[in-house]
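User: Please take a close look at the backbone conformation of the loops in this structure, and then connect it with the burial and packing of the elements around them. I would prefer a single continuous account, with the cut-off of each term stated where the term is used.

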Amino acid sequence: MQIVLATHNRGKMQEMADILGHLPIKLLTLEDFPEIGDIPEPGDTLKENAFIKAETVYRLTGLPALADDTGLEVDALNGEPGVHSSRYSGENATFDDNCRKMLSELDGLSLTDRTARFRTVVAFVTADEKTWTEGVVEGTILDHKKGDGGFGYDPIFYYPPLQKTFAELEKVEKNSVSHRGKALRNFCGILEKRININSSQT
């Protein structure tokens with residue numbers, strides 16, 4: 001079984017490949033389909049955007065497609081940037097741009113007032129199935145960056161149970177607790193049942 005990971009984000013590709021690596025599937029990425037450019041994400045929710053990406057890639061490739069959309073929800077900002085997380089500081093924002101804007105917006109707030117969560121929705125589209133799963137992790141936004149790993153808001157997202165930012169976690173450690181890791185493990189359960197069902201019918 002082949003599945004196309006519907007993203008150009010290399011960090012996401014690697015995390016998804018690591019978590020799904022134990023399944024008897026071949027993972028392709030949009031790097032294998034250079035004719036597919038950036039896919040617009042006009043949805044109002046993470047779920048809508050995840051399905052837009054998965055449905056677009058399925059339509060263009062004819063292969064099962066897996067997409068995720070992730071948002072950082074900051075309580076002091078009324079849940080923003082949420083669905084706009086990747087474009088928080090502008091359409092062509094870099095990870096650093098977004099982190100700088102976040103730190104500026106929260107400047108002066110105490111740590112107890114900087115609660116936030118990462119939320120990931122994973123959508124899977126095939127010829128005969130559309131399904132989705134979700135993962136959420138709670139944390140706090142620091143007032144400075146810590147750590148050199150990860151991507152996106154990882155350097156400022158502090159995870160209290162491990163007393164580290166996501167950018168300070170080892171890859172395996174992050175995957176075991178992250179929002180994307182939770183969503184993908186939930187998806188693995190669905191896919192394993194599908195593979196077992198197909199195997200029993202052959």
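Analyst: Gln163 is found in the loop between strand S7 (157-159) and strand S8 (164-165); helices (H or I, at least four residues) and strands (E, at least two) are DSSP runs, numbered from the N terminus. Gln163 is a residue other than glycine, yet its phi is positive, near 55 degrees. Its relative accessibility of 59% makes Gln163 exposed, where exposed means over 50% relative accessible area, buried under 20%, and partly exposed in between (1.4 Å probe, protein chains only). The model is predicted, so local features are given only at pLDDT of at least 70 and side-chain atom pairs only at pLDDT 80 or more, whereas totals for chains, interfaces and linings use all residues. Residues are numbered from 1 along each chain as its sequence is written, and side-chain values use heavy atoms, with hydrogens and water left out.

Asn78, in the loop between S3 and S4, also has a positive phi, of about 55 degrees, although it is not a glycine. Asn78 has a relative accessible area of 75% and is therefore exposed. On the same stretch of chain, Glu80 and Pro81 are joined by a cis peptide bond with omega of about 0 degrees, and Pro81 lies in strand S4. A positive phi, near 75 degrees, is also found at Gly62, which follows H2.

A loop residue with a buried setting is Leu23, in the loop between H1 and strand S2 (26-29). Leu23 counts as buried because its relative accessibility is 6%. Beyond its neighbours within four places in sequence, Leu23 is in contact (heavy atoms within 4.5 Å) with Cys188, Leu191 and Glu192. The C-alpha atoms of Leu23 and Ile195 are 9.1 Å apart in space, with their positions 172 residues apart in sequence.

Helix H2 (residues 46-61), which Gly62 follows, has 16 residues and reaches 23 Å from its first C-alpha to its last, close to the 22 Å expected at 1.5 Å a residue; the expected span is 1.5 Å times one less than the number of residues. The buried residues of H2 are Leu46, Asn49, Ala50, Phe51, Lys53, Ala54, Thr56, Val57 and Thr61. They are covered by elements including strand S1 (2-5), helix H1 (10-20), S3, strand S5 (115-125) and strand S6 (130-141).

Ala65 of strand S3 is buried, with a relative accessible area of 0%. Leaving aside its neighbours within four places in sequence, Ala65 is in contact with Val4, Ala54, Val57, Tyr58, Ala123, Phe124 and Val125. Ala65 and Val4 are 61 residues apart in sequence, but their C-alpha atoms are 4.7 Å apart in space.

Helix H3 comes next. Asn98, Cys99, Met102 and Leu103 are its buried residues. Viewed down the axis of H3, these buried residues fall within an arc of 130 degrees and so line one face of the helix; the arc is that of the directions from the helix axis to the C-beta atoms. Arg100 and Ser104 are exposed on the other side of H3. The buried residues pack against S3, strand S4 (81-82) and S6.

Leu103 of H3 is in contact with Arg114, Leu142, Asp143, His144 and Ile156, leaving aside its neighbours within four places in sequence. Its C-alpha atom is separated by 8.2 Å from that of Ile141, 38 residues away along the chain. Thr140, in strand S6, counts as buried at 11% relative accessibility. Leaving aside its neighbours within four places in sequence, Thr140 is in contact with Leu111, Arg114, Thr115, Ala116, Ile156, Phe157, Tyr158 and Pro160.
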